Every structure is written in C-alpha cells, then in structure tokens.
Amino acid sequence: MSKSPHERIGKAITVRGPVEPEALGAVMMHEHLHSDWAQTSEIPFDMAKWPVVEKCVVPALKRLKDHGCFCILDMTRSPERAAPWVYQRISEMADFHIVLATGFYREIELGKYWAREPDDQIWPFVHEASVEELTEFCVQEALTGLHGTDVRAGVLKIGTSSKDLTEAEAKAAVAVARAQRQTGLLINTHANTPGAFKTQLELLESEGVDPTRVVLGHTQGQMVQEWPEVRKCMQRGATFAMTNLRMDVSEAIRQSWADAIVRAFDEGLGAHVTLGLDWGFTVGYYEFMGNPAWRPHQGDTTMLTPCTFMPPPAYSYLFEYTLPRFREMGVTDDMIRTMLVENPQRVIPVREP
Ligand SMILES: [Zn+2]
C-alpha cells in the first residue's frame, strides 16, 4: 500500500486501508472494541481474550450494519489497545470499517479510581518522552503503521481531566496538535468536564490547528449546561460529539439532550453535532468495580468484559434505544441523518495537511 499523502486526502483511513467517505454509512464517533487496563503493551495479543472478540465483538458490529452503520471510531490508544492484527481480523470478519485512534488519554487524578501511583495516572511514556517524541509517535502510527504493520491510525486523540490541563495533558495535547498539522487527521477529544472543551480548543488553535479538524467529545452535558460557550466553539468550526446517551437516566436528562440537539439545529449549527455511545469491551473496569484495590497493569486478568457503564446491546443500543426515544422528544430523521452520516463523512476524511 502506498504511503503517498495524496492518496490519503479525502479518504477515511481504516484498519484495512483508505476508503471513500460514502462507504462509512452512519458513523459512531467514540467507541472501544478492546480496552485492556491490565496490560502494559498491546503486543502480543493474549489469545485468551479471542473468544470474546469472536463471539461478542464481531456479532455486535454485524448488528450495526442492519442500521446502516458501517463504521466506528475506536478511540482506544496505547497501551490499552489490542494488537493491530486483531482490528484487521475483526474488520474482515464483520465486514465493517474500523478507524483506530492514536494519541493520549487524560491524566487520572492521584487517588481516584485505580490511580495509586503516578505511573497509574497516565501512560508513563507521556511523562518520559519529549513533545517531539510524542509527536513523532503519533505521526508514525498515522503515516507508517502500528508496530511495524500496515495498520494505520485514522484519528488523533487527546484527553483532559478538567478545564485546566495538567502538565502531562498539555504536553500530550501540543504533540497531538503538531501531529495533526503533519497528517491532516481529525482530532477527537475526551472533554467531559465543565469548560474542558473550551481550553482544549484554545490550546489546539494556538498550535495552528483548524477548529474544523476538532471534535470535542463526551460533551452532551456541556451542550446542555454551557450552550453559549459551546455555540462560540461551533461557530469557529468545531464539532461536538455527544456520547453515553443511555436512556435509563431521568426523563429530564433525556429530554435535555434531545432539546440540545434541536436547539443546535434551530440555530443553524446542526453541522457541528455528532453521536456515539462510548460503548466498550474492557479489561479492568469490571475488576475495579468489584475490587477498589485493583490497579491497572497488574497483568493478572485476561477477561474481556462487555461495558459495565453502558447498557446492552453493544453499540446498536444507540439505534435501538436512544434514537427511538430522541424521535419521540422532537429530534427528526433529517437531524439524525446529519449527525450520524453527513457530519462524520465530512470530518473524518484526511485533509491536506
Ligand atoms: Zn471512551
């Protein structure tokens, strides 16, 4: 496969190579096929986990195709990802497009969840490496491939814990911004705390990133509570990704999400809203829930478990539960098409760096 940047422009970069945007159908913007917090490296893949991949993950993606969804963005990055071949194999078995992320997660607060030592808070590589090395890591995964394979990342990730970035988060974000400018990929973020979307966008813009290349993620709450600031970011070109749209929350919360969507469309900003669930098959969350002493990177568990914080069915919950409720609450089919089909197909393809 050619690495020529020209052959990438206008294409979505999937684990099986570049594809035309129209082939993606509807797209879920933030999911996880394999997030293993017990491992320190994604290779080699522990085959004890394969039965879950084959019996649960592959069928879940096949089920999405019944809803016109042919692509997810898998926002897991090193070291929690699976080995590159696993994604190619899943993609072939389900005949489904997977766009993999490269980049970095947020720094978990010391003492929260399983973060008992600094090495638990964020991938140690982020602390050890320079900004230049972090940039090079992302560029390599995007343009050359993961771990010497031809599986390339097709989206960049940053995560921050609050409005004020930690030193490590800021370093990682600067590196990702620079990688964006070299690769032309989309940046998709973790910004689920108040104001985080705003500081993320400002930092990325200060590094020269075009706001139309940024999706500010997990921001369904911010679209409700911080609309004036959200609107400004949308008007500058940024996109928002509403996730974790579970319908067993209070009716008031459900309605507030639907109202936020309708308001964005009423104000002419519907081109800046996308959807996902943050559904995932994980190692670690479940173990942590049952055992507060559990820490990542213990390497003593191989069980890949369906998501513990989003209801079943995996991924297609969005189509089978969320969207039917949203329709009852005023979200139209046209809006859904814009958020799931048109917007992702416009922002995911590579742009001229
Ligand atoms: Zn996620």
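A residue counts as buried when its relative accessible area is under 20%. The structure used in these exercises is a predicted model.

**Exercise 1. The zinc site**

Find which residues coordinate the zinc ion, and state whether His32 and Asp278 are buried or exposed.

Solution.
1. The zinc ion is coordinated by NE2 of His30, NE2 of His32 and OD of Asp278, at 2.0 to 2.2 Å.
2. Along the sequence these donor residues follow the spacing H-x1-H-x245-D.
3. His32 belongs to strand E3, whereas Asp278 sits in the loop between E10 and strand E11 (280-283), so this pair ties together parts that are 246 residues apart in sequence.
4. With the cut-off of under 20%, both His32 and Asp278 are buried.

**Exercise 2. The sheet**

Work out the order of the strands in the open sheet, and name its edge strands.

Solution.
1. The open sheet has 10 strands, in the order E10-E9-E8-E7-E6-E5-E4-E3-E11-E12, and its pairing is mixed.
2. Strand E10 (273-275) and strand E12 (305-306) are the edge strands, since each pairs on one side only.
3. Within the sheet, take strand E3 (residues 26-36) and strand E4 (residues 69-74): they run parallel and are joined by four bridges.
4. Met28 stands opposite Ile72 in E4.

**Exercise 3. Helices on the sheet**

Determine which strands helix H7 lies across and which strands helix H8 touches.

Solution.
1. Helix H7 (residues 167-183) lies across strand E5 (97-103), strand E6 (155-159) and strand E7 (186-190). Helix H7 runs at about 165° to E6.
2. Helix H8 (residues 196-206) also packs on the sheet, where it touches E6, E7, strand E8 (214-217) and strand E9 (239-242). The directions of helix H8 and E8 make an angle of about 155°.

**Exercise 4. The nonpolar cores**

Identify the residues that touch the most other members of the largest nonpolar core, and list the contacts of Phe326.

Solution.
1. In soluble globular proteins, nonpolar side chains tend to be buried together.
2. The largest nonpolar core here has 109 residues, of which Tyr315 and Phe326 touch the most other members.
3. Neighbours within four places in sequence set aside, Phe326 is in contact with Leu245, Met247, Arg254, Trp257, Ala258, Ile261 and Val331.
4. Another core, of 16 residues, lies apart from the largest one; Ala12, Val19, Val27 and Leu73 are among its members.

**Exercise 5. Phe265**

Locate Phe265 and list the residues it touches.

Solution.
1. Phe265 is part of helix H11 (residues 251-266).
2. Not counting residues up to four places away in sequence, Phe265 touches Gly270, Met335, Thr338 and Met339.

Notes:
Residues are numbered from 1 along each chain as its sequence is written. This is a predicted model: local features need pLDDT of at least 70, side-chain atom pairs count only at pLDDT 80 or more; totals for chains, interfaces and linings use all residues. Side-chain values use heavy atoms; hydrogens and water are left out. Two strands pair if DSSP finds at least two bridges between them. Helices (H or I, at least four residues) and strands (E, at least two) are DSSP runs, numbered from the N terminus. Contact means heavy atoms within 4.5 Å. Axes are lines fitted to C-alpha atoms, for helices over the stretch in contact, and angles run from 0 to 180 degrees between N-to-C directions. Donors are N, O and S atoms within 2.8 Å of the metal (3.2 Å for Na, K and Ca); water is not among the atoms, so sites may look incomplete. Buried means under 20% relative accessible area, exposed over 50%, partly exposed in between (1.4 Å probe, protein chains only). A nonpolar core is a set of buried Ala, Val, Leu, Ile, Met, Phe, Trp, Tyr and Cys residues joined through side-chain atoms within 4.5 Å.
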